[in-house]
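Reader: Please take me closely through one part of this model, the strands that pair with one another, and then through what surrounds them. Residue-level detail is welcome.

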Amino acid sequence: MSDCDELMPEKAVSSTNPSLLGVFAHPDDESLLAGGVLAQHAAAHARTAVVTMTWAPDSARAAELADALRVLGAGAPRMLGYGGARNEQADPGRARLVDAPLDEVVAALVKQIRTFRPDIVVTHDALGQLTGHPDHRRTHQAALLAVQDAGLAHLHPGAGAPWQPRAVYCATHPESGVGDLGPLLEAVGKAVLAVPDAYATTTVDATPWLDQKWAAILAHRGEAARARPLPGILARQPTEVRRRILATEYFTRLATGPAPDDPHRLTA
């Protein structure tokens with residue numbers, strides 16, 4: 001299986017389909033950034049799940065997340081319950097994700113990875129997606145460290161048996177793929193940060209799962225009703241514009257674990 005094949009649409013149901021664990025900052029990130037991939041893998045009978053870093057498990061956002069994951073076939077919410085960098089309602093009384101000790105956050109993710117034992121982890125890119133949200137960037141950092149730590153028995157020994165995912169895919173937007181979305185974000189005062197096209201190693205056509213993806217986004221009802229969040233922005237667009245924005249999902253693939261290459265020298 002090639003680097004790109006792992007996330008490409010799969011028509012045949014096979015036990016070899018890679019299991020997938022999403023690690024995202026907020027409820028709705030999973031649907032917006034990887035809803036097509038999550039639905040694709042679930043439809044192919046691959047194990048899929050999502051860890052959400054912020055918001056309390058007893059919040060309204062958690063109930064919406066549960067509905068969205070049900071639509072996508074990604075199981076029940078797995079919420080770490082940290083506070084949000086820009087929203088005090090995310091989990092009052094808990095440390096903000098950006099303020100929590102990094103070792104603590106990584107350990108919590110290691111436990112999730114070793115429990116679920118995914119082949120692939122999908123998370124945010126280093127820019128924090130187009131808007132550069134600090135919770136997105138912190139999630140990216142913690143997820144990469146957790147994937148490395150999860151395979152080493154001497155690290156976090158109380159978090160379960162070691163497990164090494166085969167790859168990390170960072171959801172991203174290449175410069176050529178911003179399209180209609182850029183002006184929409186700028187119109188509400190948001191940043192537009194994209195990576196060079198070469199950084200997008202995997203491009204997934206989400207069209208076969210677009211109805212599921214949109215239904216999952218709409219399940220985040222509170223965000224869809226507001227003006228500035230992306231679900232609300234998309235809900236106000238003509239159908240064709242919205243479909244163009246959501247039909248393609250971009251990722252940067254990062255290999256993990258021991259490299260099957262020359263063991264006696266560094267290779268690019």
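**The paired strands and their surroundings**

Author: Strand β4 (residues 120–124) is largely enclosed by the rest of the structure, because 5 of its 5 residues are buried. Buried means under 20% relative accessible area, exposed means over 50%, and partly exposed covers the range in between, with a 1.4 Å probe and protein chains only. Strands are DSSP runs of E with at least two residues, helices are runs of H or I with at least four, and both are numbered from the N terminus.

The model is predicted, so local features need pLDDT of at least 70 and side-chain atom pairs count only at pLDDT 80 or more, while totals for chains, interfaces and linings use all residues. Residues are numbered from 1 along each chain as its sequence is written, and side-chain values use heavy atoms, with hydrogens and water left out.

Which strands pair with β4 in the parallel sense? One is β1 (20–24), which joins β4 over 3 bridges; two strands count as paired if DSSP finds at least two bridges between them. Within this pairing, glycine 22 has valine 122 of β4 as its bridge partner. The other is β5 (167–172), which runs parallel to β4 and is joined to it by 5 bridges. Here isoleucine 120 is partnered by alanine 167 of β5.

β5 leads on to another strand. Over 6 bridges β5 pairs with β7, and this time the sense is antiparallel. In that pairing tyrosine 169 stands opposite arginine 253 of β7. Strand β7 spans residues 248–255, and β6 (residues 202–205) also pairs with it in the antiparallel sense, over 4 bridges. Two residue pairs can be picked out between them: threonine 203 is opposite tyrosine 250 of β7, and aspartate 205 is opposite threonine 248 of β7.

How are the side chains of β6 arranged on its faces? They alternate: Thr202 and Val204 point to one face, where they are buried, whereas Thr203 and Asp205 point to the other and are not buried. This is the pattern to expect, since in a regular strand the side chains alternate between the two faces of the sheet. It follows that the residues of β6 named above as standing opposite β7 residues, Thr203 and Asp205, belong to the face that is not buried.

Within β7, phenylalanine 251 counts as buried because its relative accessibility is 0%. The C-alpha atom of phenylalanine 251 is 16 Å from that of glycine 179, which is 72 residues away along the chain.

On the helical side, α3 (residues 102–116) packs its buried residues against β1, β2 (48–54) and β3 (78–82), and also against the helix α4 (134–150). The buried residues of α3 are Val105, Val106, Leu109, Val110, Gln112, Ile113, Arg114 and Phe116. In an α-helix there are 3.6 residues a turn, so residues three or four places apart point the same way. The 15 residues of α3 reach 21 Å from the first C-alpha to the last, close to the 21 Å expected at 1.5 Å a residue; the expected span is 1.5 Å times one less than the number of residues. After α3 comes arginine 117, with a positive phi near 60°.

Several loops carry details of their own. In the loop between β2 and α2 (60–72) sits tryptophan 55, which has a positive phi of about 80° although it is not a glycine. Tryptophan 55 is counted as buried because its relative accessibility is 9%. Histidine 156, in the loop between α4 and β5, also has a positive phi, near 50°, and is likewise a residue other than glycine. Its relative accessible area is 23%, so histidine 156 is partly exposed.

Glycine 73 belongs to the loop between α2 and β3 and is partly exposed, at 39% relative accessibility. Residues up to four places away in sequence aside, glycine 73 touches Ala42 and Thr48, where contact means heavy atoms within 4.5 Å. Between the C-alpha atoms of glycine 73 and threonine 54, which are 19 residues apart along the chain, the separation is 21 Å.

Finally, glutamine 237 is placed in the loop between α8 (230–235) and α9 (239–246). With 18% relative accessibility, glutamine 237 counts as buried. Beyond its neighbours within four places in sequence, glutamine 237 is in contact with Leu184 and Arg242.
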